[in-house]
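Let's take a walk through this protein together, moving from paired strands to the core and on to a pocket. Have the 3D view ready to turn as you read.

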Amino acid sequence: MNQSQIAVSTPRSWVGDQRLGTFVLYLDRKRVGALAPQGAVRLSCSAGKHELIARQWWYRSRPFKFDLASDQELRLVVDLVREGSLLRRVLLLMVMPWRGVVVKAAA
């Protein structure tokens, strides 16, 4: 069976202890790695349907669902929410931390 690849990166920088700015990645609800600030990580998985969740502290993303073919590579980007006004983003992080992190396909 051939393995598919998921390349996950983040443009987010962090000042201070880099461990505090690290995203924890979960593939199909299993912890599979950590993504350091301005870092990248490669994950191997079988072909088929999967979901990826990223967490940082109590903030997390909605499940990013995807279907991989054999030997396919999917590129994803993880970051904190950056859409909307600063006030809207702060309120979102305070009231709905489960929507504070975004996982999206790389452009």
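L27 has K30 as its bridge partner in strand 3. This is a predicted model, so please read each value here as computed from predicted coordinates. The two strands involved are strand 2 (residues 23–27) and strand 3 (residues 30–35), which pair in the antiparallel sense over five bridges. Another of the facing pairs is Y26, which stands opposite R31 in strand 3. Together, strand 2 and strand 3 form a hairpin with two residues between them. If you check backbone torsions, look at D28 in the turn, where phi is positive at about 55°.

Strand 2 also has a partner in strand 5. Four bridges join these two strands, and they run antiparallel. Here L27 turns up again, this time with L52 as its bridge partner in strand 5. How many of the five residues of strand 2 are buried? Four of them are, so the strand is largely enclosed by the rest of the structure.

Next, follow L27 to one of its contacts. I6, found in strand 1 (residues 4–9), touches L27 as well as V41, R42, L43, C45, F66, L68, L74 and L76, leaving out residues up to four places away in sequence. I6 is buried, with a relative accessible area of 0%. For a sense of scale, the C-alpha atoms of I6 and P97 are separated by 25 Å, and the two residues are 91 places apart along the chain.

A7 is also in strand 1. In general, side chains in a regular strand alternate between the two faces of the sheet. Is A7 buried or exposed? With a relative accessibility of 11%, A7 counts as buried because the cut-off is under 20%. Beyond its neighbours within four places in sequence, A7 is in contact with V41, R42, E73, L74, R75 and L76. The C-alpha atoms of A7 and L74 are separated by 6.1 Å, although these residues are 67 places apart along the chain.

From here we can look at the core as a whole. The largest nonpolar core has 21 residues, and I6, V8, L25, L52, F66 and V78 touch the most other members. Two or more residues come from each of strand 1, strand 2, strand 4 (40–45), strand 5 (48–56), strand 7, strand 8 and strand 9. Strand 8 gives the largest share of this core, with four residues. V78 has a long list of partners outside its own stretch of sequence, including V8, F23, L25, L35, A54, V101, V102 and V103.

Some of those partners lead to S61. This residue sits in the loop between strand 6 (59–60) and strand 7 (64–68). S61 is buried, with a relative accessible area of 1%, and it touches L52, I53, A54, W98, V101, V102 and V103, not counting residues up to four places away in sequence.

Finally, turn to the largest pocket, which holds about 430 Å³ of space. Of its 18 lining residues, V81, R82, E83, V101 and V102 lie nearest the centre. The elements that give two or more residues to the lining are strand 8 (73–80), helix 1 (86–95) and strand 9 (101–105). What classes of residue make up the lining? There are ten nonpolar, one polar and seven charged residues. V101 and V102 are worth selecting in your viewer: they lie among the residues nearest the pocket centre, and both are in contact with V78 and with S61.

How values were computed
Residues are numbered from 1 along each chain as its sequence is written. This is a predicted model: local features need pLDDT of at least 70, side-chain atom pairs count only at pLDDT 80 or more; totals for chains, interfaces and linings use all residues. Side-chain values use heavy atoms; hydrogens and water are left out. On a 1 Å grid over the protein atoms alone, a cavity is a set of points where a 1.4 Å probe fits but cannot get out, and a pocket is an open set with protein on both sides within 12 Å along at least five of seven lines; lining residues have an atom within 4 Å of a point. Grid points are joined across faces, edges and corners, and a volume is the space filled by probe spheres set on the points. Ala, Val, Leu, Ile, Met, Phe, Trp, Tyr, Cys and Pro count as nonpolar, Asp, Glu, Lys and Arg as charged, and the others, Gly among them, as polar. Buried means under 20% relative accessible area, exposed over 50%, partly exposed in between (1.4 Å probe, protein chains only). Contact means heavy atoms within 4.5 Å. Two strands pair if DSSP finds at least two bridges between them. A nonpolar core is a set of buried Ala, Val, Leu, Ile, Met, Phe, Trp, Tyr and Cys residues joined through side-chain atoms within 4.5 Å.
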